[in-house]
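Work through the exercises below with the sequence and structure open. Try each task before reading its solution.

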Amino acid sequence: MISRRKALRAGAGFAALATVGAPSILHAQTKTLKITTWGGKWGEVMKATVLPAFEKEFKCTVSADQAFPFLPKLQVSPKNEPIYDVLHANSNEQWNAVVEGLVMDKITAKEVPNIADVYPYAVSDKIVGVTIFTSAIGLGYRTDKGLTKPTSWKDLADPKLAGARGGYLIPVNSLGQAHLMMLGKVYGKGLTDLDAAYKALEALKPIKLVDFTGQMEKMLLSAEVSMGVIHDSGVYRYEGANMQPVDFASPSEGVLALEQVLNVTPGSKVKELAFAYIDYMLRPDVQKQLAEAVWYSPANKKVKLDAKYDAKLLTTPEKVATLIQPDWKWYNARREDIDARVTKILKG
Amino acid sequence: MTNTARPSPIAWLIAPAGLLFVLFFVMPFAVMTAMSFYSGNPVTNPNAFLTTRHYERFILDTAGIFHEALWSTLRIGLVTTIVSLLIGYPLAHWMARMQSRLGHALVLMAVIAPMLTGIVVRTFAWMTILQDKGVINTTLIQWGLIEKPLPLMYNEFGTIVALVHIYVPFMVLTLTGVIGRIDERLEQAARSLGAGRLRAFVEVTLPLSLPGILAGSLLVFALSISAYVTPSLMGGTNVLTLPMLIAQQVGTSFNPNFAGALGVILLLVSLAIVVAYNRILARLSGEQGMA
Amino acid sequence: MSVARNRRPFDAGRAAYLALNALLLAFLLLPIVIVLVFALNPTPYISFPPVGVSLRWFEKFFTSAEFMNALWLSLWVATVVLVLSIVIGAACALALARGNLPGRAVLTAFFMSPLMVPAILTGLALFQAYLLSGIGRPVWGLIAAHTLVAVPYVIRTTLAVLHNFDRRIEEAAAVLGASPTRVFFEVTLPLIRPGVFAGGVFAFIVSFDQFPVSLFLVVPKGETLPVVLFNYMKFDLDGAIAAASMVSILLALSVVLVLERLIGLKAYVKL
C-alpha cells in the first residue's frame, strides 16, 4: 500500500524525471518534518512565509497538520514511527503527552541554542518542551456597560454581572481549568486549594460557559456577556477592525500563562530537523512576525516589537513577572475528580 | 411468507454492504472494544494491562454524572424524535401530494437547505436567535412584551430546538417517499364513502405511512443520541450527554479507552432500542405487502 | 399521479393546512436567513441588528486557496460517496426485504449501527485501524469511512419504500414472462426510486457535511471543507464561515436538483 503523500511524491518525482531528466533522486531524499500548528491568522502567516522560508533554508518539506485534536492522533500512532515530529500544544496537553511518553521531557540549549535567550518561564519546571509564545489570561470586559475596569479576579463575582459573566466548560478548556485554580488562590490558600475554588465557582452562578476562546470573543463583542475570562490576544487581535467597546484587564493578583509550547517526539526520525525547527521558531525575526500577527507575547527576550504591541504585550522582565504558571502535572492527575465535581456544581 | 423459507438469490445483494461493514466497522470497533478493556493503548504502551475499570467507572458512577448523562441522552433523543415527527409529517404530506413540479422542487430545496448549512454554522445561527441578546429576546424586549430575556438557550430547550431543526429534513424525506407511494385514491374512496377528511387521513393514510414514520423516527433517534456538537454549544452547563462525555474523553481528557467503553455502552443501549423498534416495524407493516 | 384535484372555493381546512406548512418552513429557513445576514454583515462577529452589507467574507472565501481546495475535495468525495452508497445501500435493502434472510430485525439494526455511535469514535476507531494495518490515510480510506456512515440512510429510506409496495406487481410481471433481471430494472427499480433518492440526498450531505469522522482521517493539505472551517473558526469566528456555508448550500442544492432529475423523489409512474 502506498500512502497519498508517497504517491504524490512519486508523482512529483516522475514529473521531474520527465522535464529535467536527472534529479528525481533528490526528491526522494528530501526530508519531511511533520508538525502540528494552529489555524486562523496564525496558520495563514505560517503557511505564507514562516514555513516556506524554513523549507528553503533547511532543504526539507514541512507537513503541517492543522486538524485537531492532535494528541489523540499521537496516542494512537506507533511510538517508533510517530505521526508528528514536533507537537505544538498548550502546556497542559504537553504534560498529558509526557506522562504517556509521547514527547521528550527536557529540551536544553544544547539542542536548541536559542533557548539561551528565552525568559525563565519558557523553560520553567511548569513546562515540558519549550514555550515559544505566551498569552496572559485575564478579564475581558465591555466598557459601555457602566463597569469600572476590573482590578481583581474577584470583580467577576460582582452581583451586577449575574448571567452576564462568562467562563469556560472546565472539562474541555484549559482557560477554564486555569481559572479554577486561580479561584483557589484568590479565595483560598493557593492554586491547589480546590475546596475554596469550588465554593468560589458556585458563587459565580449564573455564568455562561463556552468551550473555546473564539466563542468568548464573540460573546464579548456581541454583548452577550459583559465580563469574561479571556486571554489578551483574544481581545487585542480585533484592534482596528473592531469598533466594539471591549478591553482587557490584568487583575492585580496576576495573570495566568497560556503558553504555546513546542516539543519533539522521542521516536522522531528527523530529530535534528525538529530541534532546528524549534530553534527557528525562537529566532527574533520569526517571533516578531508571528507575535504581531496574533498578539502573542514572544518568549525570546531579544525580540523588539513595534510600539503598539510592545505597550500591551509581556515584553519586559517586570511584565513577565506577573505571569502565574499553574502546575498542570498536579492538575492532570486529579482531573477526573475535578471534572465530575465541577459538572455537578454548575448543572441546574 | 413464512419464516422457514430459505434465503433467495436476492440475499446475495447484501454482500457489498456486508463487506464494507465488516472491514470498516466491525473490525475497527472490535479493536476499540478490546481497547476499552485495557488501561492504556497496548500497542504503544507495554505497561497497559487488562481491566474492567472503565465499565466499573460507568456502572458504579461514584461521580454521579454518567447515569444521568445516559438518561438525558435518551430523553433528548426521544423528545427530538417526537417533535421532528410532528413537524415533519405535515411537510412530508404536503410535498407528497403536491401537483406542481416547480412547487415540489421549491419546497424540497427549502427542506433540504438546513442540512447544508454545516453543523457549526447552523448552531451559531441558532445561538444568534436564541441567546439573551439574540433576535427573539431583543425583539420581545423592544416591543415591551418581556423585561428579562427568556431562557431559550443554555438548556435542554435550546438543544432540542437546534436538534429538531437539523433532523426534520431526515424525517420529511423519509416520509415523503412513503406517503407518495400511498395511492391517493384510497383516501378519496374513504371520503366518498362519507368519511371526513381528518377521519380518512387517520384511518387510511396514517396507518399506511407507518413504515415511513418508524423509519424516519429511527433515523432521527439514532442521530440525536449520537450528536455532540449541538448539545455542547447550545446546552451550556445544563446539558451533559453521553456523546459529549465521549468527545471530552477523546479530545481533552485523552482517555480513548474510557471513551471506547462509553461508546460500547451507548451502542448496546441503542441497538436494544432499535431491535425492539424493528420488531414493531415488522409486525405493523412488514408482512403486509407479502401477504 | 393520475388524480386531478378539483378547484374548490375557499376551504378553511385547506387554508389551515397551508398556513401550518408555511409556518414549519419558516422555522426551517429562519437560521439560514441569519447565516445570510452574518455572511453579508461586514463586522467580524454576528451582530443583531446587522450594521451593513458587504461581500468581503465571500471574497475572503473565494480567494483563499485553502478554502477552495477543501471545497473541491469535499465535493469530489461526496459525489463518489453518493454513487457508492446508493448502489451498496439499495442492494442491501433489497436483500433485507426480499432475500428471506434469517434474523432480519437484528441485521437491519446492525446496518443502522454506524449512526448510533458518536462519529468521533468511528473516526478514531478507523484511524487506529488504518494506522495499525499500515494503510496510512489515503483518500480512499476517507471515502470508505464516509460511505460507511452514508449507507445506513440509503438502506433505511429504501426499506421504508419497499415495505409499502405491492409485491404482486413484481410477481405479475414475472408471470407475464419477464426475466428476473427485467423485473428488477423495469418494475422494482422504478418503484424504489423515491427511497433511493432520499437516501442519496442524505448520503451526499452526510459526506459533504461530515466533520467528526473526517477529523482523524484527513491529511495535511488534503482536508475537507468542514474540517478547514472548524479549525478556522477556532481562531477566527468571522463571516467567512457563513459565506462558506451559503456557497455550500447553493452547490449542494444544485447537486440535489440534478439528483431529482435523475432519480426523482416522487415516482412519476402510473400504477
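**Exercise 1. A helical span in chain C**

Task: For residues 239-259 of chain C, find the distance between the end C-alpha atoms and the helix and strand content.

Solution. Take the ends of the span: their C-alpha atoms are 30 Å apart. Then assign the backbone: residues 239-259 of chain C are 100% helix and 0% strand. Bear in mind that this is a predicted model. Now consult the record. UniProt, in an unreviewed entry, lists residues 239-259 of chain C as one of its "transmembrane region" features. The other spans listed there are 15-40, 70-97, 109-133 and 139-162. Repeat the first step for residues 15-40 of chain C: the end C-alpha atoms lie 35 Å apart, with 100% helix and 0% strand.

**Exercise 2. The fold of chain C**

Task: Describe the secondary structure, the extent and the burial of chain C.

Solution. Count the elements: chain C has 11 helices and zero strands. Read along the sequence, the pattern is α-α-α-α-α-α-α-α-α-α-α. Next, box the C-alpha atoms along the principal axes: roughly 65 × 65 × 30 Å. Then check burial: 54% of the 271 residues of chain C count as buried. Last, look at sequence separation. Among contacts in chain C with a separation of 6 or more, 77% join residues 24 or more positions apart.

**Exercise 3. Two domains in chain C**

Task: Locate the domains of chain C and characterise the contact between them.

Solution. The assignment splits chain C into domain 1 (1-54) and domain 2 (65-262). Their C-alpha centres are 28 Å apart. Seven residues of domain 1 of chain C and seven residues of domain 2 of chain C make the contact. On the domain 1 side, sort by residue type: six nonpolar, one polar and no charged.

**Exercise 4. Chain B and its partners**

Task: How many residues of chain B are in contact with chain C, and how many with chain A?

Solution. Start with chain C. Here 95 residues of chain B are in contact with 91 residues of chain C. Helix H13 (residues 256-286) of chain B gives the most to this side of chain B, with 13 residues. By type, the side of chain B that touches chain C has 65 nonpolar, 22 polar and eight charged residues.

Turn to chain A. Here 22 residues of chain B are in contact with 24 residues of chain A. Helix H12 (residues 242-251) of chain B provides the largest share of this side, three residues. The side of chain B that touches chain A holds seven nonpolar, 13 polar and two charged residues.

Finish with the record. An unreviewed UniProt entry gives "transmembrane region" for several spans of chain B, including 104-125 and 258-277. Residues 104-125 of chain B are 91% helix and 0% strand, with end C-alpha atoms 26 Å apart. Residues 258-277 of chain B are 100% helix and 0% strand, and their end C-alpha atoms lie 29 Å apart.

**Exercise 5. Domains and confidence in chain A**

Task: Give the domain bounds of chain A, then find where pLDDT stays under 50.

Solution. Domain 1 of chain A covers 4-134 + 258-313, and domain 2 covers 137-256 + 327-346. The C-alpha centres of these two domains of chain A are 30 Å apart. Their contact takes 11 residues from domain 1 of chain A and 15 residues from domain 2 of chain A. Helix H5 (residues 91-99) of chain A gives the most to the domain 1 side, with four residues. That side divides into five nonpolar, four polar and two charged residues.

Now confidence. Chain A has a mean pLDDT of 89, and 91% of its residues reach 70 or more. Among its elements, helix H1 (residues 4-19) of chain A has the lowest mean pLDDT, 43, and strand E10 (residues 297-298) of chain A the highest, 98. Over residues 1-26 of chain A, pLDDT stays under 50. For these residues the model has 22 contacts beyond four places in sequence. Where pLDDT is low, predicted coordinates should not be read in detail.

**Exercise 6. The largest nonpolar core**

Task: Which residues touch the most other members of the largest nonpolar core?

Solution. The core holds 288 residues; A:Val86, A:Val130, A:Ile278, C:Cys92 and C:Ala203 touch the most other members. Helix H3 (residues 65-98) of chain C gives the most to this core, with 19 residues. Then zoom in on A:Val130. Leaving out residues up to four places away in sequence, A:Val130 touches A:Ile107, A:Val112, A:Ile115, A:Ala122, A:Val123, A:Val261, A:Leu262 and A:Ile278.

Note on methods:
Residues are numbered from 1 along each chain as its sequence is written. Chains are lettered from A and ligands numbered from 1 in the order in which they are written. This is a predicted model: local features need pLDDT of at least 70, side-chain atom pairs count only at pLDDT 80 or more; totals for chains, interfaces and linings use all residues. Helices (H or I, at least four residues) and strands (E, at least two) are DSSP runs, numbered from the N terminus. Ala, Val, Leu, Ile, Met, Phe, Trp, Tyr, Cys and Pro count as nonpolar, Asp, Glu, Lys and Arg as charged, and the others, Gly among them, as polar. pLDDT is the predictor's confidence in each residue, from 0 to 100. A nonpolar core is a set of buried Ala, Val, Leu, Ile, Met, Phe, Trp, Tyr and Cys residues joined through C-beta atoms within 7 Å. A residue is buried if 20 or more other C-beta atoms lie within 10 Å of its own, exposed if 12 or fewer, and partly exposed in between; C-beta atoms are placed from the backbone. Domain bounds come from an automatic or database domain assignment. UniProt positions are given in the numbering used here, feature names are shortened, and annotations may be inferred rather than shown by experiment.
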